[in-house]
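User: Please take a close look at a single part of this structure, and explain how that part is connected to its surroundings. A first-year student should be able to follow each step.

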Amino acid sequence: YAITELGPRAVSGAVLLRLARLSADAVQVARSIAVLGEGAELPVVAELAGLEPSAVAGATSELVHAEIVRPEPPLGFVHPLVQAAIYHDLAPGERELHHERAARLLAASGAPKEEIAAHLLVIPARGEEWVVDVLRAAADAAVAKGDLDSAISFLRRALDEPPRPDARREVLLELGRFEGRTFVPDSVGH
């Protein structure tokens, strides 16, 4: 399959047509993998898709035969354009709900905070305390890896949630310190 020779629109149309010919389970699994991203774990895919693991295994086999999902681990698509086509075929509200559910499932399974935070970045604020806690922990993990840009994104999103009044000061201080290290003009205000 020569994905690189086709334009993104052509790939999208071909992928969605191919996906439409598969079972409803395969469509749900493809959408779940598209939301969860590269290397998604089978139990989390099953939970997000609302299917039993055995049904996910069968659906994954269909997706492999249709050349949508690659046959070797880790679980993922044959090309990033294939993932993008399936992901963007989801309605915005549906994408949001999938990301929120994915964040909750990953949090319950003890996934790395940065992985959970990636989903929280794309959902609107709901005023939930656990979201702020995850985003702050993800910011700490990002700083430990030297990724100040991600830490800043996580903390800005935490402010949107918003944090409890006592935690808000701490988030602002952390954000200002990290922004100051990257010469972001907002650092003084924060």
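Analyst: Read from the N terminus on, the elements of the protein chain run α-α-α-α-α-α-α-α-α-α. The model is a predicted one, and its protein chain has ten helices and zero strands. Along the principal axes, the C-alpha atoms fill a box of roughly 55 × 35 × 30 Å. Of the 190 residues, 43% are buried. Among contacts between residues at least 6 apart in sequence, 57% join residues at least 24 apart.

The part chosen for a close look is the loop between α9 (148-160) and α10 (165-181), where E161 has its place. Is E161 buried or exposed? The relative accessibility of E161 is 2%; because buried means under 20%, E161 counts as buried. What, then, surrounds this residue? Leaving aside residues up to four places away in sequence, E161 touches A125, R126, G127, E128, V131 and V132. One of these neighbours, E128, also takes part in a polar pairing: its backbone nitrogen lies 2.8 Å from a polar atom of the E161 side chain.

The backbone at this place deserves attention as well. The peptide bond that leads from E161 to P162 is cis, with omega near -10 degrees. P162 belongs to the loop between α9 and α10 too. As a general background, most peptide bonds are trans.

From the loop, the view can be widened to the helices. Two of the residues that E161 touches, V131 and V132, fall within helix α8 (residues 129-144). Helix α8 packs against α9 at an angle of about 165 degrees, and their axes are 8 Å apart. The angle is over 145 degrees, which means that α8 is roughly antiparallel to α9. On the side of α8, the contact is made by V131, V132, L135, R136, A138, A139, A142 and V143. On the side of α9, L148, S150, A151, F154, L155, R157 and A158 take part. V131 and V132 therefore appear both in this helix contact and among the residues that E161 touches. The crossing of α8 and α9 is left-handed.

The next step leads to E114, which lies in helix α7. Not counting residues up to four places away in sequence, E114 touches A138, A141, A142, K145 and F154. Among these, A138 and A142 belong to the α8 side of the contact described above, and F154 to the α9 side. The side chains of E114 and K145 are joined by a polar contact of 2.7 Å. E114 and A137 are 23 residues apart in sequence, while their C-alpha atoms are 7.9 Å apart in space.

Helix α7 (residues 113-120) has a further partner in helix α6 (residues 92-108): their axes come within 8 Å and cross at roughly 165 degrees. This angle makes α6 roughly antiparallel to α7. The residues H99, A102, A103, L106 and A107 of α6 meet E115, I116, H119 and L120 of α7. Here, too, the crossing is left-handed.

Two further places in the chain help to put the chosen loop in context. The peptide bond from P73 to P74 is also cis, with omega near -5 degrees, and P74 is found in the loop between α4 and α5 (80-89). That loop also holds E67, where phi is near 60 degrees, a positive value in a residue other than glycine. Most residues other than glycine have a negative phi. In contrast to E161, which is buried at 2% relative accessibility, E67 counts as partly exposed at 42%.

Finally, the interior of the model may be considered. In soluble globular proteins, nonpolar side chains tend to be buried together. The largest nonpolar core here has 58 residues, and those with the most contacts inside it are V29, L63, I68 and I86. Helix α2 (residues 24-36) gives the most to this core, with eight residues. L63 touches L19, L22, A26, V29, A30, I68 and V69, if residues up to four places away in sequence are not counted.

Notes. Residues numbered from 1 in each chain as written. Predicted model: local features only at pLDDT ≥ 70, side-chain atom pairs only at ≥ 80, totals over all residues. Heavy atoms only, no water. Core = buried A, V, L, I, M, F, W, Y, C linked by side-chain atoms within 4.5 Å. Buried < 20%, exposed > 50% of the residue type's maximum accessible area, 1.4 Å probe, protein only. Helix = DSSP H or I, 4+ residues; strand = E, 2+ residues; numbered from the N terminus. Contact = heavy atoms within 4.5 Å. Polar contact = N/O pair within 3.5 Å; in protein donor to acceptor, adjacent residues only side chain to side chain. Axes fitted to C-alpha atoms, helices over the stretch in contact; angles between N-to-C directions. Parallel < 35°, antiparallel > 145°, perpendicular 65-115°, else oblique. Left-handed = near helix turned anticlockwise from the far one by under 90°.
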